[in-house]
Amino acid sequence: CRWLLDNRYLALREAKRAGCALRDVRRLRAGNDGIILSALCRDMINVCSGSLTEASILEYLNGFQSVSPLPQNELYLLPAVLLVQLTAALADVCRRLESTAEPENLDEEFAALFGSVRLISELDMHSLLERADTVEKTLSADPAGIYPRMDEQSRAEYRARLSKLARREGLEEHVFAKKLIEKSRAANGLERHVGIHLFSAPNEKKLASAYISANILITLFLTLLCGFLSRSAVAAALLLLPLSELTKVMLDYIILLCVPPRRLPRLELDGGIPDEGRTVCVISALITDEDSGKHFAALLEEFYLANRDCGKNLLMGILADLREAKTETVPEDKAIIAAAKRAINALNQKYGGGFYLFTRERTLDEGRGKYSGFERKRGALLELAKLLLDRESALHVTGDRDFLAATKYIITLDSDTRIYPGAAGELIAAMLHPLNRAKIDPKRRVVVSGYGVIQPRITTELASAAATDFSLIFSGGGGSDPYGTVCGELYMDAFDCGGFAGKGIIDAHAL
C-alpha cells in the first residue's frame, strides 16, 4: 500500500512523541470502557470516520465537556492519547491489509488516519484545548480583566495551581473555579483579580527565622561535638567559623533541591507596552572622552532595535557621569558632554524621539578629597527616580523631558551589559502583573507585597565564557541558548526576597 510506504515514518515518529508525553503519567480515571480519556479519543475517531479536523475535535470536546468536564491533567494529555489511538487504528487497518485480496479498498481509511496524525502533529493543540477548557473559560471571566491578558505560560500556572487547590478542597476543578470567581467579584480593587485568591505570599519572616535558627543550631552542635571529641575548647573555637560556613553551604544545597525555581506571572504585551508601563532603559556609565557618548549611543540603538516590539513606551537613555577629578569641572567636560548630546540628538532625529542623555555635576567626596558623581550608580538612579516623579533632581536632560513625566519603571544596565531581544518586554510584563506590583507601607516606607525590583537571570556571554580558564570554570553552562530555561535565585525562591546585582527593572516610586 503506497499510503503505508509513504507515511510509515510519520506514524512511528508521532507514536514515539506520544509515548514520551505519557511516560510519567501515574494515574488516569477509568470507567466501564477502560481509561476515560482513551475511550473518548476512540469514540472521537470513530464518529469522524478517522478523518479529524480542528472544528470536529473542538465540537466533540465541547460536547463532552458540557456533560463531564475533564480535569486539567487529562485534558492537556488529549493530543498524546489521540495519537496513541490513531496509531492503534492504523495498526488495525494494517492487520486487515494482510488478509485482504484488494488492498486498494483500504486506501480511504489509510488516507483519513494518516491525515489525522499529520493534523495533530501540526495543529496548535494547546490553543485548541484552551478553547474547550471549562476552567479556562471560567477564569477568563476574571472581574479585574487581568487573566485573559496574561501570557500562555502564566495562565497554565494558574490552572495548575487551581487544580492543586481543588484536589485539596475535594471539589471538581470547574466548581472550584466558579467559587474563586464569585469570591473575586465580592472583593475590591486589585483583590478582584482571581490570582490574589489563588496564590498566597510566603511568610518570609517565619521562613527566614527557621533558616537562621537551623544555621545557628547545627553550627553549635557540630562545634560542641568537635570540642567534645577533641577534648579541646580551643579547637572548638577555631572550628566555629569554618563549620558555620559548611553548615550554610549544606542548608543552601538542601533548599535548592527542595524548592523549585518560581516563574513570576506576567501579562502578554502583544500590542507593545501600555502607557501605564512606560519604562526608561538606561546604561549607567562613565563618559571619559568624546568617543564615549558615540559608543553608548550605538549600544542604545542596538537595544532599541532588539526590543522595538515594545513600542513608543520603551525609552532609552545614557545615565552618564564624568570621571573623578580634583576640581568640580575640568576643561574637557564641555566637549565630552557636547559629543554625547550630538549622538543622542542624532538618534532622536533618526527614530522620531525616545532617546535621552542624563548628566549631573560632580560633588565633593570629602573622604577622598576629590569630585565625582554622588554615590555613582545608586545616586544617579535615585536622581533619575526623582526626575520621573516630577521632584527636584540634580540631573540635566537631553531629550523630550515632558514625555518622561508618566514613566513608571527604570531598567538599569551596566556599560558592559547586553539586553537580548524581548527581554525588556518580559521584565515590564512581569512588573505590570497585579501579583508583582509593589505595594508600599507609607509608615514603614517599605514594599510589603509585590516587588520594587525584579532581577532577570544574568549570564556570561558565550565569547567571554571561554576567554580564560577562570571564566571557563566559573561562568556556568554555555551552549547556543544559555538563557532558555527557568533559573532560580535561592533566597528569592525560598523567602520571596533576595539580593540585587545592579541589573534589572525598578519601580521608580518604590525606589
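# A walk through the sheet, cores and second largest pocket

Hello everyone, let's start with a hollow: the second largest pocket has a lining of 14 residues, and those nearest its centre are Arg391, Arg445, His509, Ala510 and Leu511. A pocket here is an open set of points on a 1 Å grid over the protein atoms alone, where a 1.4 Å probe fits, with protein on both sides within 12 Å along at least five of seven lines; lining residues have an atom within 4 Å of a point.

Please keep in mind that this is a predicted model: local features need pLDDT of at least 70, side-chain atom pairs count only at pLDDT 80 or more, and totals for chains, interfaces and linings use all residues. Residues are numbered from 1 along each chain as its sequence is written, and side-chain values use heavy atoms, leaving out hydrogens and water.

Back to the pocket. Helix H16 (376-388) and strand S11 are the elements that each give two or more residues to its lining, and H16 gives the most, with 3 residues. These names come from DSSP runs, numbered from the N terminus: helices are H or I with at least four residues, strands are E with at least two.

Let's follow S11 from here. Strand S10 (residues 439-441) and S11 (residues 446-449) run antiparallel and are joined by 3 bridges; two strands pair if DSSP finds at least two bridges between them. Across this pairing, Ile440 in the hairpin faces Val447 of S11. The hairpin has 4 residues between its strands, and there Arg445 takes a positive phi near 60°. You met Arg445 a moment ago, among the residues nearest the pocket's centre.

H16 brings us to two more positive phi values. Arg376, found in H16, is not a glycine, yet its phi is about 45°. Asp390 is another non-glycine residue with a positive phi, this one near 60°, and its place is the loop between H16 and S8. How exposed is Asp390? Its relative accessible area is 72%, so Asp390 counts as exposed, whereas Arg376 is partly exposed at 30%. The cut-offs are under 20% for buried and over 50% for exposed, with partly exposed in between (1.4 Å probe, protein chains only).

Now the sheet. Which strands make it up, and in what order? It is an open sheet of 7 strands, ordered S8-S5-S4-S3-S9-S13-S12, with mixed pairing. S8 (396-398) and S12 (453-454) stand at the edges with a single partner strand each, so one side of each has no neighbour in the sheet.

Let me show you some of the pairings. S4 (residues 314-322) and S5 (residues 355-359) are parallel, over 4 bridges, and Gly317 has Tyr356 in S5 as its bridge partner. S9 and S13 (residues 504-507) are antiparallel, also over 4 bridges, with Ile410 opposite Ile506 in S13. S12 and S13 are antiparallel too, over 2 bridges, and there Ile454 is partnered by Ile505 of S13.

Some of these names return in the largest nonpolar core. It has 53 residues, and those touching the most other members are Leu162, Leu314, Ile411, Ile454 and Ile505. Helix H17 (residues 423-432) gives the most to this core, with 6 residues. A nonpolar core is a set of buried Ala, Val, Leu, Ile, Met, Phe, Trp, Tyr and Cys residues joined through side-chain atoms within 4.5 Å. Apart from it lies another core of 37 residues, including Cys48, Leu83, Val93 and Phe114.

What does Leu314 touch? Setting aside residues up to four places away in sequence, its contacts (heavy atoms within 4.5 Å) are Ile273, Thr279, Cys281, Asn307, Ala424 and Ile428.

I'll finish with two loop residues. Ser415 sits in the loop between S9 (409-414) and H17, and is partly exposed at 35% relative accessible area. Beyond its neighbours within four places in sequence, Ser415 contacts Ile283, Ser284, Ala285, Phe296 and Leu299. Its C-alpha atom is 9.9 Å from that of His295, although the two are 120 residues apart along the chain.

Is Asp151 buried or exposed? Asp151 is buried, at 9% relative accessibility, in the loop between helix H8 (134-139) and helix H9 (152-169). Again leaving out neighbours within four places in sequence, Asp151 is in contact with Arg263, Arg266, Leu267 and Glu268.

Thanks for listening!
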